[in-house]
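Student: I am new to this structure and should like a close look at a single part of it. Would you please take one charged residue as the starting point and explain what surrounds it?

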Amino acid sequence: WLLPPVLGRVALAALLGWLGDPLVARLERARFARNAAAILVCSAMSLLLLVAAVILVPMLEQQIMTLVHSLPGYRDWFVGTALPWVEQRTGLEILSWLDPERLFTLIREHWERAGGIAAALLGLLANIVLLPVLTFFFLRDWDLLVARVGLLVPRDHADTVRTLARESDAVLGGFLRGQFLVMLILGVLYAIGLWGVGLDLGILIGIVAGLLTFVPYLGPASIVVFGGIAAMVQFGDWQHLAGVAVVFTVGQIIESYWLTPKLVGDRIGLHPMAVIFAVTAGGTLFGFLGMLLALPVAAVANVLLRYAHERYTASSLYAGEQPRIVLAPDAAAPGDGPSPQA
């Protein structure tokens, strides 16, 4: 509760170490020393993050500054077009108790006081400067950490815990690695598609939608809502709105029929409502750290619940007492000899 930034960095580093451990193990089998393998994998991860930051940070800064400068246009569209349209069809007097102009003014002033997106991103980078170092130590010592935790398990339950841990690792590893690829591919596809439609904020909306894909229905909904609003504010015609719909449809077809079945499948086994609950509950309780750990905790809990269900259905509590047939003494047939005694 008191150290969320520190715990967030450690949890993220542990997650990266866990995701990179199979590659380190593969390099070990290729006769690399554990330290050398960890350095190679950590360097590759850092290089990828650095390239992504070099490419994305200037682009996102430009997109967000475009959004800030476009806020008056969005304000005018909401006040002069969207809200009157809603009032006309619902009979609600929204403008009488809602002041959109003040809301947009506060948003713009907040960004101006914050010094822009560049200062915010530099502060974020300064806070996570230790992430590569922590990730390296997790990559180098992952097997040692797992072994030490395993030694704490009572010996009578070691086999059961080992089986559940391997199942959790397989379920969660396959899901997260596949989901990261789906988020990356969809973010690029959405950004290129909306940029092709002509939206000034297309890249920003596409990246946000790709990142939100891990929450069921939220990523596609963000394309429809944000993309539709941006098209109406910037162009105000149905042709560009139809272009946004085409980008959404193509992205959904690619995700539903190729990306998710091939890369993710049904590895995690969680209902979409359970995923939404886990992410929102984790964010509410522990902020960024809670959102980071929500799906891993939910996946492990699902494995444990399946095991508990199997044990319950195999128990006498579930099956109940089987009735026993006892032959009464007077039920023996004549001449059959003495009746059996219970």
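Tutor: Arginine 306 has a relative accessible area of 31% in this predicted model, and it therefore counts as partly exposed. Its partner is glutamate 167: the two side chains meet in a salt bridge, with 3.2 Å from N to O. Arginine 306 belongs to helix α11 and glutamate 167 to helix α7, so the pair ties together parts that lie 139 residues apart in sequence. Glutamate 167, at 32% relative accessibility, is likewise partly exposed. As a general matter, side chains of opposite charge can pair when their charged atoms come close.

The salt bridge between arginine 306 and glutamate 167 is one of several, for the structure holds six salt bridges. Another is formed by arginine 34 and aspartate 21, whose closest N and O atoms are 2.8 Å apart. Arginine 34 lies in helix α2, which covers residues 34–90, and aspartate 21 lies in helix α1, so this pair ties together parts that are 13 residues apart in sequence. Arginine 34 and aspartate 21 are both buried. Through salt bridges that share partners, Asp21, Glu28, Arg34 and Asp143 are joined into one network. A further salt bridge is found where the side chains of arginine 140 and aspartate 141 meet, at 3.0 Å from N to O. Arginine 140 is partly exposed, its relative accessible area being 30%. Aspartate 141 is also partly exposed, with a value of 21%; the cut-off for a buried residue is under 20%.

The helices α7 and α11, which hold glutamate 167 and arginine 306, also take part in a pocket. Each of α1 (4–29), α6 (131–151), α7 (158–197) and α11 (272–313) supplies at least two residues of the lining of the second largest pocket. The largest share, ten residues, comes from α7. In total, 33 residues line this pocket, and those nearest its centre are Trp18, Trp142, Val146, Ala165 and Asp169. By character, the lining divides into 24 nonpolar, two polar and seven charged residues. The space within the second largest pocket is about 1200 Å³.

Aromatic side chains form pairs as well, and the structure holds four aromatic pairs. One of them joins tryptophan 77 and phenylalanine 78, in an edge-to-face arrangement with 5.1 Å from centre to centre and 80° between the planes. Tryptophan 77 counts as buried because its relative accessibility is 17%, whereas phenylalanine 78, with a relative accessible area of 25%, is partly exposed.

It remains to place these details within the whole chain. The secondary structure comes to twelve helices and zero strands. Of the 342 residues in the chain, 30% are buried. Among contacts between residues at least 6 apart in sequence, 71% join residues at least 24 apart. The salt bridge with which this account began, between arginine 306 in α11 and glutamate 167 in α7, ties together parts that are 139 residues apart in sequence.

How values were computed. Residues are numbered from 1 along each chain as its sequence is written. This is a predicted model: local features need pLDDT of at least 70, side-chain atom pairs count only at pLDDT 80 or more; totals for chains, interfaces and linings use all residues. Side-chain values use heavy atoms; hydrogens and water are left out. On a 1 Å grid over the protein atoms alone, a cavity is a set of points where a 1.4 Å probe fits but cannot get out, and a pocket is an open set with protein on both sides within 12 Å along at least five of seven lines; lining residues have an atom within 4 Å of a point. Grid points are joined across faces, edges and corners, and a volume is the space filled by probe spheres set on the points. Helices (H or I, at least four residues) and strands (E, at least two) are DSSP runs, numbered from the N terminus. Ala, Val, Leu, Ile, Met, Phe, Trp, Tyr, Cys and Pro count as nonpolar, Asp, Glu, Lys and Arg as charged, and the others, Gly among them, as polar. Rings of Phe, Tyr and Trp (its six-membered ring) pair if their centres lie within 6.5 Å; planes under 30 degrees apart count as stacked, over 60 as edge-to-face and the rest as tilted. Buried means under 20% relative accessible area, exposed over 50%, partly exposed in between (1.4 Å probe, protein chains only). A salt bridge is a side-chain nitrogen of Lys or Arg within 4 Å of a carboxyl oxygen of Asp or Glu. Contact means heavy atoms within 4.5 Å.
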